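Thanks for making the time this morning. I would like to walk you through one model, taking a helix pair to begin with and then a few individual residues.

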Amino acid sequence: MNTVLITGGAGFIGSSLAKKLICLDVEIIIIDNLSKGSRANIPEAAQFIEGACEDRNTYDLIRDIKFSAIFHLAGQSSGERSFEDPLVDLNSNAASTLVLLQFARTNLNGRFVFASTMSVYGDNIPPFKEEMSPRPLSFYGVGKLASEHYLRLYRKFGLDTVAVRLFNVYGPGQDLEDMKQGMVSIFLGQALGSGTIVVKGSVNRYRDFIFIDDVVDNLWQLSKHNGKLPLVINFASGQSTTVSELLNQIKLGWSLPLEIEVSTGTSGDQHGSLGDNTLGLQYGISFPTRLDEGITATIRWIKELSK
């Protein structure tokens, strides 16, 4: 049986991927330091190692295992939070990637898939294309970009690496209590808690939203793709949605009174984020779930939680 390593497997994307692969009878080992993820998210069928990816000792128990794929999804994932402690962000993202790549040189027989971010594009003009020169506006974006360069160097050592630049992922399983990461989950968490959604910045800002189920499907398919892949690939729908349009979708699905307040923006926030998905489509990467479908599914999940 193939064995797959997922870092950040107690988090939103990592646990969603783990659950899918277990249903496909793939053996899963998860590494997570539980700084953000929850132990409750970890599937019972997965082997769990609690530890930080930047700590070499974390890998002691699995040094004799050869993995058919490694998904590096762990890391601090908030641009806003990266300004609070840039050094923590650096260790959580760049240092963890470097240590894991060193481990992969002897323990990986397949592909190393790294979760990067659209934040590396920074103040480029959308739509963002992979060939653009990155100009990140946050410490988070800088750390992720450094990790991409590590992947590039380790390609020269023979590792099969690819970085997926994730745009705005949302869906069931997202942390509704984290008010510094994930626009959809922030808004829905506020709707559930107080009935008032506080928008930090203009409602004319726009984003490229991608649904979690599509993200998970694409991660798995990309890990199995035959042949060489580009170093970086956008995970983007190519569809622009303004904050105002998102709020309207939430109000349509929520079916309870909601108040909207607009306040000042946050450091490093981009006005517009839209991905060019041309390259991804060439490799079978697509995001067919419409925003209204995804929001409806997410609200349904929230209402089930709150029963």
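**A helix pair, two cysteines and a loop leucine**

Let me begin with the helix pair, where H5 and H7 cross in a right-handed sense; please keep in mind throughout that what you see is a predicted model. As a reminder, a packed pair of helices is described by the angle between the axes together with the distance between them. Here H5, which covers residues 183-193, packs against H7, residues 243-254, at an angle of about 40°, and the two axes are 11 Å apart. Because oblique covers angles that fall outside the roughly parallel, roughly perpendicular and roughly antiparallel ranges, H5 counts as oblique to H7.

Which residues make the contact? From H5 these are Met-183, Val-184, Phe-187, Leu-188, Ala-191 and Leu-192, while H7 brings Val-243, Leu-246, Leu-247, Ile-250 and Trp-254. In terms of character, the contact of H5 with H7 comprises eleven nonpolar residues, with no polar and no charged ones.

Turning to the cysteines, the structure holds zero disulfides. Is Cys-23 buried or exposed? Its relative accessibility is 66%, so Cys-23 counts as exposed, whereas Cys-53, with a relative accessible area of 5%, is buried.

Finally, I would point you to Leu-61, which sits in the loop between strand S3 (47-50) and strand S4 (67-72). With a relative accessibility of 68%, Leu-61 counts as exposed. Its C-alpha atom is separated by 8.4 Å from that of Ile-49, a residue twelve positions away along the chain.

Conventions. Residues are numbered from 1 along each chain as its sequence is written. This is a predicted model: local features need pLDDT of at least 70, side-chain atom pairs count only at pLDDT 80 or more; totals for chains, interfaces and linings use all residues. Side-chain values use heavy atoms; hydrogens and water are left out. Axes are lines fitted to C-alpha atoms, for helices over the stretch in contact, and angles run from 0 to 180 degrees between N-to-C directions. Helices (H or I, at least four residues) and strands (E, at least two) are DSSP runs, numbered from the N terminus. Angles under 35 degrees count as roughly parallel, over 145 as roughly antiparallel, 65 to 115 as roughly perpendicular and the rest as oblique. A crossing is left-handed if the near helix is turned anticlockwise from the far one by less than a right angle, and right-handed if clockwise. Contact means heavy atoms within 4.5 Å. Ala, Val, Leu, Ile, Met, Phe, Trp, Tyr, Cys and Pro count as nonpolar, Asp, Glu, Lys and Arg as charged, and the others, Gly among them, as polar. A disulfide is a pair of cysteine sulfur atoms within 2.5 Å. Buried means under 20% relative accessible area, exposed over 50%, partly exposed in between (1.4 Å probe, protein chains only).
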